[in-house]
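Q: Got a minute to go through this one with me? I'd like to start with how the helices pack.

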Amino acid sequence: MSGGRRVSNSIKERIEQAVARGHSHEQICTDLDVDATTVNDVIAAMDKVAAIKDVFTIKQRIGQGQDVCRNGHPLDPENTYVKPSNGKRECRICKTARNKRPRQHGAA
Ligand SMILES: [Zn+2]
């Protein structure tokens, strides 16, 4: 292969489908006979689209008068933890995600 990195739409679609099916990066390269850079490019583009969609969802929820946390999770009774000490509301999904994150060493 030589020349630029133009990805044909059919290859792009097939990579997107493989990603959606949960195939690994390596698997996709082998299955579709494409180079890693191409796969990376397609995945990066997909991530961008997903991020934009996320923002839309958050805006939509706020527009509908729904309470959401800053990550767009609905602050409904099930997902909301109210701190008994100060009555502040916390998103349970974010709280769990925060707790899962590995601790950073030392001070910043
Ligand atoms: Zn949240």
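**Helix packing**

A: α1 and α2 are oblique to each other, because an angle counts as oblique when it is not under 35 degrees (roughly parallel), over 145 (roughly antiparallel) or 65 to 115 (roughly perpendicular). This is a predicted model, where local features need pLDDT of at least 70, side-chain atom pairs count only at pLDDT 80 or more, and totals for chains, interfaces and linings use all residues. Residues are numbered from 1 along each chain as its sequence is written.

Q: At what angle do the axes of α1 and α2 cross?
A: Roughly 140 degrees, and the axes come within 10 Å. Axes are lines fitted to C-alpha atoms, for helices over the stretch in contact, and angles run from 0 to 180 degrees between N-to-C directions. α1 is residues 9–20 and α2 is residues 25–32. Helices are DSSP runs of H or I, at least four residues; strands are runs of E, at least two; both are numbered from the N terminus.

Q: Which residues meet there?
A: Ile11, Arg14, Ile15 and Ala18 in α1 meet Ile28, Asp31 and Leu32 in α2. Contact here means C-beta atoms, placed from the backbone, within 7 Å.

Q: New topic. Which residues are buried in α3?
A: Thr38, Val39 and Val42. Buried means 20 or more other C-beta atoms within 10 Å of the residue's own, with C-beta atoms placed from the backbone. Their cover includes α1 and α2.

Q: And what comes just after α3?
A: Gly65, with a positive phi of about 80 degrees.

Q: What order do the elements run in?
A: From the N terminus, α-α-α-β-β-α. That is 4 helices and 2 strands.

Conventions:
Two residues are in contact if their C-beta atoms, placed from the backbone, lie within 7 Å. A residue is buried if 20 or more other C-beta atoms lie within 10 Å of its own, exposed if 12 or fewer, and partly exposed in between; C-beta atoms are placed from the backbone.
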